[in-house]
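Trainee: Hi! I've got this one open on my screen and could use a hand reading it. Can we go through it together?

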Amino acid sequence: MGMDLEKIEQAVYMILEAIGEDPKREGLQDTPKRVARMYAEVFAGLHEDPSRHLKVQFSEEHEEMVIVKDIPVYSMCEHHLVPFYGKAHVAYIPRKGKITGLSKFARVVEGFARRPQLQERLTSEIADAIMAELTPLGVLVVIEAEHMCMTMRGVKKAGSRTLTSAVRGIFKTNPITRSEAFSLIQGHKI
């Protein structure tokens with residue numbers, strides 16, 4: 001099922017009416033259309049399989065850690081439909097020289113982030129996709145994000161960040177390897 005932009009427009013129009021606004025007011029006349037186009041963009045991941053980006057693979061004799069840090073993450077909290085944003089860090093250790101382009105990790109992160117999401121699920125989905133497609137020795141994914149549902153409503157604690165991690169393979173079974181990855185992600189030298 002694709003995105004029904006007309007239905008989104010109708011819903012936004014009704015929301016504007018429900019909060020006591022006049023959807024026909026000059027500044028709001030095109031708001032339903034703009035919101036529908038925005039939703040089509042920010043929820044585009046619902047209609048794709050982000051794992052497909054990892055099918056582009058290369059052979060390189062490298063079985064050492066690879067880390068892509070500070071991948072921007074923008075997603076929508078499924079509980080309140082407000083954004084959460086931050087950075088993802090992805091580490092993996094290739095098995096038998098099976099690697100992919102570094103940009104593919106950013107594409108996977110973005111694909112899973114562009115849907116109504118929970119940070120915990122997002123972190124696991126990224127790790128599981130990499131494990132399934134690349135069959136590496138291990139994967140570690142860390143996401144640190146600020147949630148607008150905690151910043152602009154509710155407890156109103158601006159600046160608080162949530163950190164989640166997903167560890168698979170050797171990163172789960174070998175504490176030294178896991179520690180090395182966390183140290184490199186944090187920017188400390190070994």
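Mentor: Happy to! Let's settle terms before counting: helices are DSSP runs of H or I with at least four residues, strands are runs of E with at least two, and both are numbered from the N terminus. Keep in mind too that this is a predicted model.

Trainee: Okay, so how many helices and strands does the chain have?

Mentor: The chain has 7 helices and 7 strands.

Trainee: And what pattern do they follow along the sequence?

Mentor: Reading along the sequence, you get α-α-β-β-β-β-α-β-α-β-α-β-α-α.

Trainee: What does the C-alpha trace span along its principal axes?

Mentor: About 60 × 35 × 20 Å. Of the 190 residues in the chain, 41% are buried.

Trainee: What about contacts, what share join residues at least 24 apart?

Mentor: Taking contacts between residues at least 6 apart in sequence, 68% of them join residues at least 24 apart.

Trainee: Let's zoom in on the start. At what angle do the axes of α1 and α2 cross?

Mentor: Helix α1 covers residues 5–18 and helix α2 covers residues 31–42; their axes cross at roughly 130° and come within 8 Å of each other. An angle over 145 degrees would count as roughly antiparallel, and 65 to 115 as roughly perpendicular, so α1 and α2 are oblique to each other.

Trainee: Is that crossing left-handed or right-handed?

Mentor: The α1 and α2 crossing is right-handed.

Trainee: Which residues make the contact?

Mentor: From α1 you have L5, I8, E9, V12, Y13 and L16, and from α2 there are T31, P32, K33, V35, A36, Y39 and A40. Sorted by type, the residues of this α1 and α2 contact give 10 nonpolar, 1 polar and 2 charged.

Trainee: Switching topic: how many salt bridges are there?

Mentor: The count comes to 8 salt bridges. One of them joins the side chains of R121 and E78, with 3.0 Å from N to O. That pair links distant parts of the chain, since R121 sits in helix α4 (residues 119–134) and E78 in the loop between β2 (66–77) and β3 (83–93), 43 residues apart.

Trainee: Are R121 and E78 buried, exposed or partly exposed?

Mentor: R121 is partly exposed at 31% relative accessibility, and E78 is partly exposed at 33%.

Trainee: Can you walk me through another bridge?

Mentor: Sure. E21 and R25 form a salt bridge through their side chains, at 3.1 Å from N to O. E21 has a relative accessible area of 32%, which makes it partly exposed, and R25 is partly exposed as well, with 40%.

Trainee: And which residue does R114 form a salt bridge with?

Mentor: With E110; the closest N and O atoms of R114 and E110 are 3.5 Å apart. E110 is partly exposed, at 44% relative accessibility.

Trainee: One last spot: where is G45 found?

Mentor: G45 lies in the loop between α2 and β1 (58–59). The relative accessibility of G45 is 0%, and the cut-off for buried is under 20%, so G45 counts as buried.

Trainee: What is G45 in contact with, apart from its neighbours in sequence?

Mentor: Setting aside neighbours within four places in sequence, G45 is in contact with G111, R114 and R115. You'll recognise R114 from the salt bridge with E110. You could also look at V109: its C-alpha atom is 10.0 Å from that of G45, with the two positions 64 residues apart along the chain counted as their separation.

Trainee: Great, thanks for the tour!

Technical notes:
Residues numbered from 1 in each chain as written. Predicted model: local features only at pLDDT ≥ 70, side-chain atom pairs only at ≥ 80, totals over all residues. Heavy atoms only, no water. Axes fitted to C-alpha atoms, helices over the stretch in contact; angles between N-to-C directions. Parallel < 35°, antiparallel > 145°, perpendicular 65-115°, else oblique. Left-handed = near helix turned anticlockwise from the far one by under 90°. Contact = heavy atoms within 4.5 Å. Nonpolar A, V, L, I, M, F, W, Y, C, P; charged D, E, K, R; others polar. Salt bridge = Lys/Arg side-chain N within 4 Å of Asp/Glu carboxyl O. Buried < 20%, exposed > 50% of the residue type's maximum accessible area, 1.4 Å probe, protein only.
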